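Please look through the model below before reading on. The text then goes from confidence to sheets, and from there to charged pairs and the surface.

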Amino acid sequence: MSDAETSDEFKPVEVFPDSESMDLRGGADDCYKCSTCDSECPVAAVDDDFPGPKFQGPEQWRLKRKEDTEIDDSVMSCSNCMRCDSACPSGVPLSQMHNTARGSFVENGMDKLSREYIRNRILSNYGTLAWFGSKVPRLANAVMSSSVVQTVNEKFMGITAEREFPEFAQQTFREWWSERGGAEIESDEKRVAYFHGCYSNYNTPEVGKAMVRVFESFGYEVMVPPQKCSGTPMFANGMLSDARRAAETNVAELSAAIEDGADVIASCTSCSLSLRQEYPELFDLERIEDVSAHTYEALEYLRIHEDLSGALDESEIEPERYAYHAPCHARNQGLAGQAIELLDGVEGAEAEDVGDSCSGISGTYGWKEEKYDTSMKIGAEMFHHMEEAEPDAGMTECPTCAMQMEHGTGYEVRHPLQVIEDALVS
Amino acid sequence: MAIESDVLVIGGGLAGATAAIEAARGGASVRLVAHKENTLRNASGLIDVLGYNGGDEPLVEPFEAIADLPDEHPYRKVGVEAVRESLALFDEIAGDLYEGGHTETNALSPTYGGRVKPTGRYPKSAAAGLASRTEDTLLVGFEIVTSFDAPLAAERLDSSVPFDVRGVTIRFPGEFRADARITRLATALDADELRDREQRLGTREALAARVAEYLGDAERVGFPALLGDDEHQAVREALETELGVPVFEVPMGPPSLPGMRLEDRLYEELDAEGVRVESGNPVVGYTADDGRITAVSVDRGRREVPYHAEQFVLATGGLVGKGIDSSREGVSEPVFDCHVPQPEERYEWFHDRVFDDQPYARFGVSVDDGLRPLDSSGEPEFSNLRAAGAVLGGYDMAREKSASGVSLSTGLVAGQRANEDLQ
């Protein structure tokens with residue numbers, strides 16, 4: 001943040017009084033207009049109408065300070081990939097600025113009865129829809145895959161018909177967890193609380209199962225506390241009050257697990273990023289800093305606390321080539337090279353990084369009819385690299401990046417944890 | 001357990017990348033951790049070695065002048081042969097992008113401000129524009145690229161070089177918003193989509209057609225550095241074919257396409273050498289034992305993660321790259337708290353006349369001949385730490401035009417010494 005000593009003349013101001021009352025002046029002052037964030041922004045690269053993070057963050061912040069200027073609606077074109085955060089050489093908190101601006105825009109500038117608002121709220125509360133869908137998975141899958149329903153979704157809700165809805169699993173992760181009787185290992189010294197999020201519960205429980213088995217192979221007791229959405233899609237759609245409500249539950253439940261001696265782990269990089277960065281940036285809940293300080297991405301945790309690399313160096317799988325995409329939210333946590341590095345040690349596994357471009361889907365962004373084309377343009381470079389790599393399968397930590405990879409190339413996509421389960425658990 | 005490697009390089013710019021490549025080539029397992037995107041993408045792309053040494057005239061032969069530099073200058077620490085060796089390494093890595101290795105004479109490259117800058121290596125895309133060549137020149141600016149005023153740059157150049165320089169500002173082909181960024185134009189030239197359906201011209205041909213109207217007697221044409229990203233060579237060749245004269249890029253400020261191309265090349269080389277690169281990882285602390293650093297702490301969102309290594313290289317940059325920090329109380333190196341020589345009295349940090357030889361421009365860590373940072377009594381701070389690049393003090397890179405050469409040569413030596421000292 002700013003090195004400037006506080007002047008007596010300056011008093012903090014609530015520039016966005018209706019959001020979370022952030023004062024990000026230090027960040028705006030640190031911006032020296034080098035444009036690195038704009039040149040990193042995947043939306044700005046393909047959408048000429050999008051002004052880019054430099055405008056949306058510090059410049060708009062400065063405008064708001066003098067006059068109560070309305071927030072530009074281009075803030076809804078931001079996909080919340082947060083690449084601008086890791087790009088900025090001065091540490092300007094661009095994503096925090098965007099999240100608060102988007103919250104303010106949605107709260108004050110959007111008609112709550114408009115189609116766009118209602119659709120965005122439905123998309124950002126995917127967990128609620130998925131909860132119902134998971135009760136009758138066969139019926140839900142049949143309904144959602146119907147081209148009639150897809151057309152209706154596009155016309156009435158603005159949800160693109162181009163993408164196939166993800167299938168609901170026959171048995172959710174939590175159902176599997178209950179059925180097996182919970183943790184198979186008890187340990188006072190090695191304990192983790194698994195934040196599974198929506199997708200690995202309702203759609204890809206095999207990722208959650210792989211995670212449990214990998215951690216149990218290192219002797220960990222796994223807890224699965226009650227939880228709600230990490231808030232990532234809510235941040236991306238400006239639904240900050242929904243996100244705060246979910247955060248209240250999550251912080252309370254995860255704090256209880258931390259008191260029981262657990263650290264928090266997540267298999268989705270957007271969930272781990274949300275808990276450790278966006279939560280303390282956007283909410284002032286009691287113990288939220290504690291949750292942030294104890295949250296890890298799952299493989300990151302094992303790299304730090306166990307000799308995961310050493311264990312993998314002595315492992316092998318059936319020969320398989322993977323095209324790996326590092327999600328933007330893995331990049332933001334400094335984890336972009338982790339999966340490639342770990343799989344280098346596995347005999348039979350060959351993983352090629354398909355480059356540093358964004359996948360383009362960014363959670364709910366690519367599901368919006370008016371953003372679908374932009375998301376596919378952003379992803380084009382990744383699709384091209386994947387085709388060139390000619391893998392057996394794709395690989396990524398992010399469930400919606402996996403959707404995009406499959407949608408754009410046709411390859412099946414696995415999570416690194418699934419490959420590591422194959423390597424370590426027999 | 002721990003995340004560990006033989007050599008840990010802190011900082012991902014030119015010095016850090018060079019140190020990591022050199023250490024990896026020596027057989028070490030190397031990890032490079034960077035806080036943010038490095039500032040290479042903001043750099044002009046020119047690789048300067050030594051442009052000035054106190055006088056108003058640029059140096060013709062940079063290597064010969066190194067012996068005359070003060071003892072504390074980084075070039076004196078590493079020696080002139082290391083400077084040559086580091087440029088040879090650079091030529092090996094980036095030789096298909098860069099020229100200048102054929103001579104030890106500085107080239108003079110026009111800048112977008114209409115001056116000439118002495119440089120040791122320059123992008124191939126800038127080669128046809130060197131001021132040491134004598135062809136009459138047309139500079140082409142675009143209404144949309146406000147940072148390059150071609151008529152103004154041409155007027156300034158024309159008054160200082162022995163050939164004619166004219167400047168013209170035209171519209172870039174296609175529909176772009178008034179403040180479209182330069183990378184957008186580069187992408188349009190890469191894609192070369194139809195812009196004129198009636199005559200079926202792509203962006204490149206449409207651009208050449210507009211420039212041809214102004215070509216006159218000019219024997220070369222310079223553009224702001226936006227002639228393509230991935231396809232920059234093909235773009236330039238297409239324009240040269242259409243115009244019938246050599247085409248060159250004038251190096252620009254941020255965001256800089258030549259800087260991005262150089263960054264891509266360096267990082268491809270890091271990958272090829274097996275260096276583990278992690279960005280988004282600010283180093284915020286360290287542990288030490290008996291004068292040796294044992295690990296550094298990386299900030300991962302309100303928690304510190306230890307990274308262990310045998311040897312460490314500090315390549316965090318200068319003031320702009322945040323490797324040197326300052327407040328009213330003093331100037332400091334924030335990672336290891338290495339000593340930064342400076343006058344105690346703050347008013348002695350600077351002279352009033354802004355373009356004078358400024359003390360603060362030389363602030364940075366002081367090192368021994370092995371590039372180990374020294375404490376205030378002249379002893380190495382740690383036995384297994386080297387410093388490289390802009391974090392070093394003892395020279396004024398802006399005044400003498402030496403930033404890239406210092407980064408390359410000190411990065412090379414830091415990487416070599418780290419590798420040699422592995423137990």
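What follows is a walk through selected parts of a predicted model.

Confidence comes first. Chain B has an average pLDDT of 93, and 99% of its residues score at least 70. Among the elements of chain B, the mean pLDDT is lowest, at 72, in strand β9 (residues 194-196) and highest, at 98, in strand β19 (residues 385-387).

In chain A, four strands make up an open sheet in the order β6-β5-β7-β8, and their pairing is parallel. The edges are held by β6 (347-353) and β8 (413-414) of chain A; each has a single partner strand, so one side of each lacks a neighbour in the sheet. Strand β5 (residues 316-324) of chain A runs parallel to β6(A) and is joined to it by six bridges. Within β6(A), the residue opposite Tyr324(A) is Asp353(A).

Chain B also offers a parallel pair. Strand β7 (residues 137-142) of chain B pairs with strand β8 (residues 165-170) of chain B over six bridges. Thr137(B) has Val165(B) in β8(B) as its bridge partner. Between the two strands the chain passes through helix α6 (residues 150-158) of chain B, giving a β-α-β crossover that is right-handed.

The next topic is charge. Side chains of opposite charge can pair when their charged atoms come close. Over all chains, the structure holds 49 salt bridges.

Helix α4 (residues 80-94) of chain B contains both Glu81(B) and Arg84(B), which are three residues apart, about one turn of the helix. Their side chains form a salt bridge with an N to O distance of 3.1 Å. Glu81(B) is exposed, because its relative accessible area of 52% is over 50%. Arg84(B), at 29%, is partly exposed.

A second salt bridge, at 2.7 Å from N to O, joins the side chains of Asp91(B) and Arg121(B). Asp91(B) belongs to helix α4 of chain B, whereas Arg121(B) sits in the loop between β5 (116-119) and β6 (122-123) of chain B, so this pair ties together parts that are 30 residues apart in sequence. Is each partner buried or partly exposed? Asp91(B) has 26% relative accessibility and counts as partly exposed. Arg121(B) counts as buried, because its 7% relative accessibility is under 20%.

Arg133(B) and Glu135(B) make a further side-chain salt bridge, with 3.5 Å between N and O. Arg133(B) is partly exposed at a relative accessible area of 34%, and Glu135(B) is partly exposed at 22%.

Salt bridges also link residues of both chains in a network: Arg303(A), Glu341(A) and Asp344(A) with Arg31(B), Arg276(B) and Glu278(B).

The surface has a nonpolar patch to which both chains contribute. Tyr32(A) forms this patch together with Leu319(B), Val320(B), Tyr347(B), Phe350(B) and Tyr360(B), and their accessible area together is about 620 Å². Tyr32(A) is located in the loop between α1 (25-30) and α2 (36-40) of chain A. With 38% relative accessibility, Tyr32(A) counts as partly exposed.

One last loop residue is Asp188(A), found between α11 (173-179) and β1 (191-195) of chain A. Asp188(A) is exposed, with 62% relative accessible area. From C-alpha to C-alpha, Asp188(A) and Tyr220(A) are 9.0 Å apart in space, with their positions 32 residues apart in sequence.

How values were computed. Residues are numbered from 1 along each chain as its sequence is written. Chains are lettered from A and ligands numbered from 1 in the order in which they are written. This is a predicted model: local features need pLDDT of at least 70, side-chain atom pairs count only at pLDDT 80 or more; totals for chains, interfaces and linings use all residues. Side-chain values use heavy atoms; hydrogens and water are left out. Two strands pair if DSSP finds at least two bridges between them. A crossover is right-handed if, with the strands pointing away from the viewer, the path from the first strand over the helix to the second runs clockwise. pLDDT is the predictor's confidence in each residue, from 0 to 100. Patches are made of residues with over 30% relative accessible area and no salt bridge: like charges are joined within 9 Å, nonpolar side chains (Val, Leu, Ile, Met, Phe, Trp, Tyr) within 5 Å. Accessible areas come from the Shrake-Rupley method with a 1.4 Å probe; for residues, only the protein chains shown count as cover. A salt bridge is a side-chain nitrogen of Lys or Arg within 4 Å of a carboxyl oxygen of Asp or Glu. Buried means under 20% relative accessible area, exposed over 50%, partly exposed in between (1.4 Å probe, protein chains only).
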